[in-house]
Amino acid sequence: MIKAILIFNNHGKPRVSKFYQPYSEDTRQQIIRETFHLVSKRDENVCNFLGGLLIGGSDNKLIYRHYATLYFVFCVDSSESELAILDLMQVFVETLDKCFENVCELDLISHVDKVHNILAEMVMGGMVLETNMNEIVTQIDAQNKLEKSEAGLAGAPAHRDAYIFSN
Amino acid sequence: MALKMVKGSIDRMFDKNLQDLVRGIRNHKEDEAKYISQCIDEIKQELKQDNIAVKANAVCKLTYLQMLGYDISWAAFNIIEVMSASKFTFKRIGYLAASQCFHEGTDVIMLTTNQIRKDLSSPSQYDTGVALTGLSCFVTPDLARDLANDIMTLMSHTKPYIRKKAVLIMYKVFLRCPEALRPAFPRLKEKLEDPDPGVQSAAVNVICELARRNPKNYLSLAPLFFKLMTSSTNNWVLIKIIKLFGALTPLEPRLGKKLIEPLTNLIHSTSAMSLLYECVNTVIAVLISLSSGMPNHSASIQLCVQKLRILIEDSDQNLKYLGLLAMSKILRTHPKSVQAHKDLVLQCLDDKDESIRLRALDLLYGMVSKKNLVEIVRKLMSHVDKAEGTAYRDELLTKIIDICSQCNYQHVTNFQWYVSVLVELTQLEGTRHGHLLAAQMLDVAIRVKAIRKFAVAQMSALLDSAHLGAGGPQRNGICEVLYAAAWICGEFSEHLQEPQQTLEAMLRPKVTTLPGHIQAVYVQNVVKLYACILQQKEQAAEPEAAQDVTQLMVERLPQFVQSADLEVQERASCVLQLAKHIQKLQAKGVPVAEEVSALFAGELNPVAPKAQKKVPVPEGLDLDAWINEPPSDSESEDEKPKAIFHDEEPRHAKPRPPEAEEEELARRREARKQEQANNPFYIKSSPSPQKRYQDMPGVEHIPVVQIDLSVPLKVPGMPVSDQYVKLEEERKHRQRLEKDRRRKKKKDKDQKGRPRRHSMLHTESDEDVAPAQRVDIVTEEMPENALPSDEDDKDPNDPYRALDVDLDKPLADSEKLPVQKHRNAETTKSPEKEDVPVVEKKMKKPRKKEKKHREKERGKKEKGKEEKEGEDLDFWLSTAPLPAEAPAPEEPGVDAVIAAAKEEGEEPRGAGQGDEDGAEDAERNPEQKSSKHKKKKHKKEKEERTKDKKKPKKQQPPAHVQLLPPRRELLH
């Protein structure tokens, strides 16, 4: 099971946080802070795993990657394969890259809902749903199309930005 | 109306959307909190509007604010409104918000049931998908129970996109509603062979999660998984399955045997490191589970170790880390194979990555032997020097101690060396582990008799050296070792070369800066040293020197008497008085050494930490029983002690009428309190309890004494090593002697047996014939009935425990999931109130009616089932590892149900709508139709059928019995 997926930047600002376990709001913020603290002090060229005293006991481990200004952290339990999760993370990032066309931190900040939608096609309730990037992108595109067709009828405000806000 | 709409849309023009909000927050870095609270106010306004687009936009912003840590639970109802929007765009926003902030405590969540059900059955697959995704995050027991059936239907949806989501969410449903597991399991199992790889992968995922918690229930799926493993090309699925097998093999060693070959093949063939790694891991699990005696064991281990070596040598730090991790698993059972790669592990100790160094340290623990211990520790010591002031250094220190002390110092051949290492480690500044070093020093000095002379010399040097005390106790945790040093020097003072010098070192004024508990040990051991010196001096006939020592004591001890620490103060006062008394005696020329050393006569033996717990309570002794009558509740606190000494104060207690007025009682109490307060001798005036105790007849028979005497200090049924027996005997002997001594003392008080004690000491030392350098083994015992994992494994709150159900047992009627139509009607009537009772009623109804019936039936069926299953699995396990040749592994019974269910599923859902029970039955069970009358008839038929089934299948009815012996043979 994946317990949580966190994305925060080099300063520990949360960009995307998805918890698959019920935690109180305070605990979530604390987890983000602690995770950042643990991950940020590690060198660049060390391994991407962190075990030990994390959310919910010793069975959990952190698997993280540092991309430019962002840390992607998956908190998983022992039923997940470390290397597989690293691959999943790569799929996630590549999918983001495809959907946002050269993804950068700003995309994630201002389109956090879209990131969540992409994530929802990959991981559901803490379990891996789909690992095939093409399949994920197809579903996302189809949903975007659906959204667009709905917007065409009554210009929803959620889309006003499409022309104003550029990446 | 139209005007309102226009106004609404104009307002909307000025609404912030998510991007505006984000940008705004970025532009208000200084007063972010203020800006956000302003935004939240705006959002609250927006939520009040009727326009769903405005609401959705507001909820979208709230979701973002939630991530930043703001509470948005107040908007739960608005989120539900947005969830129920007809447009996918808004619906998705609503479900996302719900998935981020709803939890079991959200009270409005119960309002969502019907909306979610509607979305689940929506013609648009994305509506359904978004509902499933959302639900997976906030499903509650109520939602799970109410929607289980709907979701189960979706597992057979025509679109794989829905199927895979429905399959995956079932795991969450099972967690919240364990009753759903058995009815849904056949279909879940069916999905393992779904044509769509995504659905298949989801099913594997769910079953793996389930099986991880309760592996034994899923053993019967092993053949199916085996087939998948040998046929699938999806590495994700393979990894999951292989991990699952790792969990199953400990339960069934034969499975492991079967797995080795295909896993080995995969190891050779795969190019995916992740798959390779998981294969190696599972092979290791198999090898661990297999008892020794497998001929081709070593080849598999060699393969694993060889592959792991490749991983560890890789430049990728991740592979290196994982390789070391897996290596440590092999180490536990096959240390020899790992020891061959010591060079690699030592190399990893120099890695720049701390995680890797720590993993390597773990491995070192199992790699040491008598031969290489010194070398490895030397290397570690050099790392200790390099790692100044880090947490890693503390880790190194504990590891050094762990490595050396493991298995009762199994690998330490030279304790002088070990003591030197410990002393060397005390040079570390600022470590947290001073107490660890101290504990080791004490342990070694006490248990290894031959080392005492050396240890004492080293310890006295420590006491003498200045560096440990410096820096203050707060900053310097290492001063803890002085605790050990002082005690060792005192206790084994006979080995000291220069006791006088050590004594002086221990009486230095600087000592008073040490923590209290260490000072206390100092004071106590100063006396031991003092006794030792006195004896030496008197034997050497140097009375002046002896008097000098006493003088030193009398001069220096007052500094401890002033201590703020109570313990130090008390001990120091005592010792000071003793010294003064001795001084007087010495002035008269009386020899005192013998008497003083008698204070510390006798040897201390190491006792197992839990020995006290192991003393069994003698028969007839109830520790919970009151010794005296329990005080009645009405009695106030200050009267309690009176009750105990009832006899002593007959004048007070007896004449008091028990029915005295409440007021009168209070008055008297007050008066008595007053009297007691005014009388400074109050306490002294009553006889001490001790004295009374001794005067009482029959002191010998108080139970405490009896424990020591009559009960052997051995726990029945515990494996007791020779050492332990000896230890216990010694202890008992000593206790007996002590008892003896006490009695003798009492009898002839005049000649307070000096000669007697001597004889006693002799007998004791005679018994202590220990070989040199022997480590007294202190058996680490567990308290009775307490296995290490016993309670940890079974947490009563463990959500997975409820999922521990027999999945192969045929489904009973009462277990059917509530049917959609039926429930729907009821929830719409009064969703909140009647929800729970209705379900209960419904569940109970059939149960009552058919209880007897079912029980009988189940009993029979279970038996049959177990036999069949057992055979199938056994057969599969015993065949050659060619999966294709094995017959269909699934249990025919369950298959039949699945097939029937499919047929049934095609029938219109509402077929049995009129009939409550019928509706349920129609859902799943093939043998039972909607009518109650029919049902009974069918039941009987079914019974007969199952009997029939059994008979032709098993040619001999007692097959179960006859099959057992060969099955056992197969195990080997």
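## Confidence in chain B

In this predicted model, the elements of chain B span a wide stretch of the pLDDT scale: helix H49 (residues 959-970) of chain B has the lowest mean, 30, while helix H10 (residues 160-176) of chain B has the highest, 94. Averaged over chain B, the pLDDT comes to 73, and 65% of the residues score at least 70. Two stretches are worth flagging before you read anything into them. Over residues 635-658 of chain B the pLDDT stays under 50, and the model has 25 contacts beyond four places in sequence for that stretch. Residues 777-793 of chain B also sit below 50, with 28 contacts in the model beyond near neighbours in sequence.

## Confidence in chain A and in the complex

Chain A averages a pLDDT of 85, and 86% of its residues score at least 70. What marks the two ends of the range here? In chain A, the low end is helix H6 (residues 161-164), with a mean of 40, and the high end is strand S6 (residues 123-124), at 94. Residues 155-167 of chain A have a pLDDT that stays under 50, and the model gives this stretch 25 contacts beyond four places in sequence.

As for the assembly, the predictor assigns the complex an ipTM of 0.91 and a pTM of 0.65.

## The sheet of chain A

Chain A has an open sheet of 5 strands, in the order S2-S1-S5-S4-S3, and the pairing is antiparallel. At the edges are strand S2 (14-19) and strand S3 (49-50) of chain A, each of which pairs on one side only. Start from the S3 side: S3(A) is joined by 2 bridges to strand S4 (residues 61-67) of chain A, and the two run antiparallel. In that pairing, Phe49(A) stands opposite Ile63(A) in S4(A).

Step across to the next pair and you find 7 bridges between S4(A) and S5(A), again running antiparallel. One facing pair here is His66(A), opposite Tyr71(A) in S5(A). S4(A) and S5(A) form a hairpin with 2 residues between them, and Ala68(A) in the turn has a positive phi of about 45 degrees. As a general point, side chains in a regular strand alternate between the two faces of the sheet.

## Helices against the sheet

Which strands does helix H2 (residues 82-100) of chain A touch as it packs on the sheet? The contacts are with strand S1 (2-9), S3, S4 and strand S5 (70-76) of chain A, and the direction of H2(A) makes about 35 degrees with that of S4(A). Helix H4 (residues 112-122) of chain A lies across S1 and S2 of chain A, and runs at about 35 degrees to S2(A).

## H2 of chain A meets chain B

H2(A) also packs with a helix of the other chain, H16 (residues 273-289) of chain B, at an angle of about 160 degrees and with the axes 8 Å apart. H2(A) and H16(B) are therefore roughly antiparallel to each other, since angles over 145 count that way. Their crossing is left-handed.

Who meets whom? From H2(A) come Glu82(A), Leu83(A), Ala84(A) and Asp87(A), and from H16(B) come Met273(B), Ser274(B), Tyr277(B) and Glu278(B). By class, this contact of H2(A) with H16(B) divides into 4 nonpolar, 1 polar and 3 charged residues.

## Two helix pairs within chain B

The first pair to look at is helix H4 (residues 52-67) and helix H5 (residues 76-83) of chain B, with axes that come within 9 Å and cross at roughly 125 degrees. H4(B) and H5(B) are therefore oblique to each other, and the crossing is left-handed. Ile52(B), Lys55(B), Ala56(B) and Val59(B) in H4(B) meet Asn78(B), Ile79(B), Glu81(B) and Val82(B) in H5(B). The contact of H4(B) with H5(B) has 5 nonpolar, 1 polar and 2 charged residues.

Then there is helix H26 (residues 452-464) with helix H27 (residues 480-491) of chain B: the axes come within 9 Å and cross at roughly 125 degrees. That makes H26(B) oblique to H27(B), and the crossing is left-handed. On the H26(B) side, Val456(B), Met459(B), Ser460(B), Leu462(B) and Leu463(B) meet Leu482(B), Ala485(B), Ala486(B), Ile488(B) and Cys489(B) of H27(B). How do the residues of the contact of H26(B) with H27(B) divide by class? The split is 9 nonpolar, 1 polar and no charged.

Note on methods: Residues numbered from 1 in each chain as written. Chains lettered and ligands numbered in written order. Predicted model: local features only at pLDDT ≥ 70, side-chain atom pairs only at ≥ 80, totals over all residues. Heavy atoms only, no water. Axes fitted to C-alpha atoms, helices over the stretch in contact; angles between N-to-C directions. Helix = DSSP H or I, 4+ residues; strand = E, 2+ residues; numbered from the N terminus. Parallel < 35°, antiparallel > 145°, perpendicular 65-115°, else oblique. Left-handed = near helix turned anticlockwise from the far one by under 90°. Contact = heavy atoms within 4.5 Å. Nonpolar A, V, L, I, M, F, W, Y, C, P; charged D, E, K, R; others polar. Pairing = 2+ DSSP bridges. pLDDT = per-residue confidence, 0-100.
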